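Here are a few notes to keep beside you as you look through this one for the first time. They go point by point, so feel free to jump around.

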Amino acid sequence: MPGFGSRRRARQALESRAGAPYLFPALLTLAVLALGWWLKDAVPALSAAAEAPEQQVRRALGELTSARLEDVYGHAAGGLAELTRLRFGDVTVALEGERARVVAMAEGTGRVAWRGQVISLAYVGREAFTMRRCRFAGWCAEGEALGELRPLLRLLFRRLDAFNGGDAAAYGRLVAEDYRGAGGKPAVLARLARDLARGPRATLQVTGWQLRVERGEATVGEDERLTVGGAAPATLRARLLLVRQADRWVIADGL
C-alpha cells in the first residue's frame, strides 16, 4: 500500500493532467484572435498587392480625401488652405518604373485662413502630378497633388492686397497684357487708378472663393464685403477670369 507522500504526488499529477484540457482551448483562442488581427491588416495589403500597379494608384487616389497647402500667400508670409472633402475623377495613369504620372480632375471644398480671415473655398481643376511607391499607402503623391491651386490663390491674395493698399502699380502687374474688358489693359488700369485714389478709402473683404480651372483658364466666383468709409459693408459678388501667361496666372477680365 503506497504511503501518504506517494498518494499526494499521485493526486497532484492527476490534477495537473486534468487542467491541461482547459489550458489548450485558451491558448487556441488567443492564437485565433491574434491571427484575426493580423488578417484584418494584412488582407487589404495582400489584396492591393495582387492588383495591377495602375489600379493600385487609383486606389491610393481614392483614399486621398483631404489636402493641406501651407504658406499659400508666399514669401514665408503664411496662409493655410485646407480641402477636407477632396476626390479625384477622370484619372489617367502613366507608369514610369517606380513612379506614376497622374492627370486627374480634383474637386474639393474647404477653407483658406490668413491674417485672421477665414475664406470658404471650393475648387475644381485638372491636376498633373507624380506618385511614387510608398510603404503604407502603396502609392504616395510626390510633392503636392494640388500644385495648380497654390498659384491661383497667390494671385487672388495679391489682388486683394493691391485693392486694400490702394496700389494701382501692384494691380497693374496682375493684369494680362491682352485684357479682354472694354478698352483693354490701359483702360482698366486708368479706371482702377481713379477709383483707388478717390476718397473715402474702400476696404474689400473676401468671404468665399469658387475656382474652376480648364485648359489654361480659371473662372473665379468671389463673395465680397465692400466697406467705403464708415458706411455699412455692402455684400457683392464678382466673377474674375484668370489666364496662364508666361508660366504665371494673370487677370484677363472681371475687374
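The points below cover the pocket, the cavity, the disulfide, some salt bridges and two backbone oddities.

1. Before anything else, keep in mind that this is a predicted model. Every value here is computed from that predicted model.

2. Start with the largest pocket, which holds about 390 Å³ of space. Its lining is made up of 21 residues. If you want to find the middle of the pocket, look for F163, L192, D195, A202 and L226, which lie nearest its centre.

3. Which elements supply at least two residues each to that pocket lining? They are α3 (149–164), α5 (184–197), β6 (202–214), β7 (217–228) and β8 (234–245). The top contributor is α5, with 4 residues. By character, the lining of the largest pocket has 12 nonpolar residues, 7 charged and 2 polar.

4. There is also a closed space to look at: the count comes to 1 cavity of 30 Å³ or more, and the largest cavity has a volume of about 30 Å³. The residues lining the largest cavity are A67, R68, L69, A81, E82, L83, L121, L146 and L149. Two elements, β1 (67–70) and β2, give two or more residues to this lining. In the lining of the largest cavity, 7 residues are nonpolar, 2 are charged and no residue is polar.

5. Two names from that cavity lining, R68 and E82, turn up again elsewhere. Together with E70 and R111, R68 and E82 are linked in a network of salt bridges.

6. The structure holds 1 disulfide, and it joins C134 to C140, with an S to S distance of 2.0 Å. Is the disulfide right-handed or left-handed? The torsion about the S-S bond of C134 and C140 is about 75 degrees, so the disulfide is right-handed. The two cysteines fall on either side of the 20% cut-off for buried residues: C134 counts as buried at 18% relative accessibility, while C140 counts as partly exposed at 24%.

7. Salt bridges number 20 in this structure. In one of them, the side chains of R133 and E98 meet at 3.2 Å, N to O. R133 sits in strand β4 (residues 117–134) and E98 in the loop between β2 and β3 (99–114), so this pair ties together parts that are 35 residues apart in sequence. R133 is partly exposed, at 35% relative accessibility.

8. Another salt bridge brings together the side chains of E224 and R159 (3.6 Å, N to O). This pair links distant parts of the chain, with E224 in strand β7 and R159 in helix α3, 65 residues apart. Buried or exposed? E224 is buried at 7% relative accessibility, and R159 is buried at 8%.

9. Compare the salt bridge between R212 and E214 (3.4 Å, N to O). Here R212 is partly exposed at 40% relative accessibility, and E214 is partly exposed at 40%.

10. Finally, two backbone spots deserve a look. Most residues other than glycine have a negative phi. D90, in strand β2 (residues 80–96), has a positive phi near 50 degrees. R215, in the loop between β6 and β7, has a positive phi of about 50 degrees and is not a glycine either. D90 is exposed, with a relative accessible area of 53%, and R215 counts as exposed at 81%.

Key:
Residues numbered from 1 in each chain as written. Predicted model: local features only at pLDDT ≥ 70, side-chain atom pairs only at ≥ 80, totals over all residues. Heavy atoms only, no water. 1 Å grid on protein atoms, 1.4 Å probe; cavity = no way out; pocket = protein on both sides within 12 Å on 5 of 7 lines; lining within 4 Å. Points joined across faces, edges and corners; volume = space filled by probe spheres on them. Nonpolar A, V, L, I, M, F, W, Y, C, P; charged D, E, K, R; others polar. Buried < 20%, exposed > 50% of the residue type's maximum accessible area, 1.4 Å probe, protein only. Disulfide = S-S within 2.5 Å. Salt bridge = Lys/Arg side-chain N within 4 Å of Asp/Glu carboxyl O.
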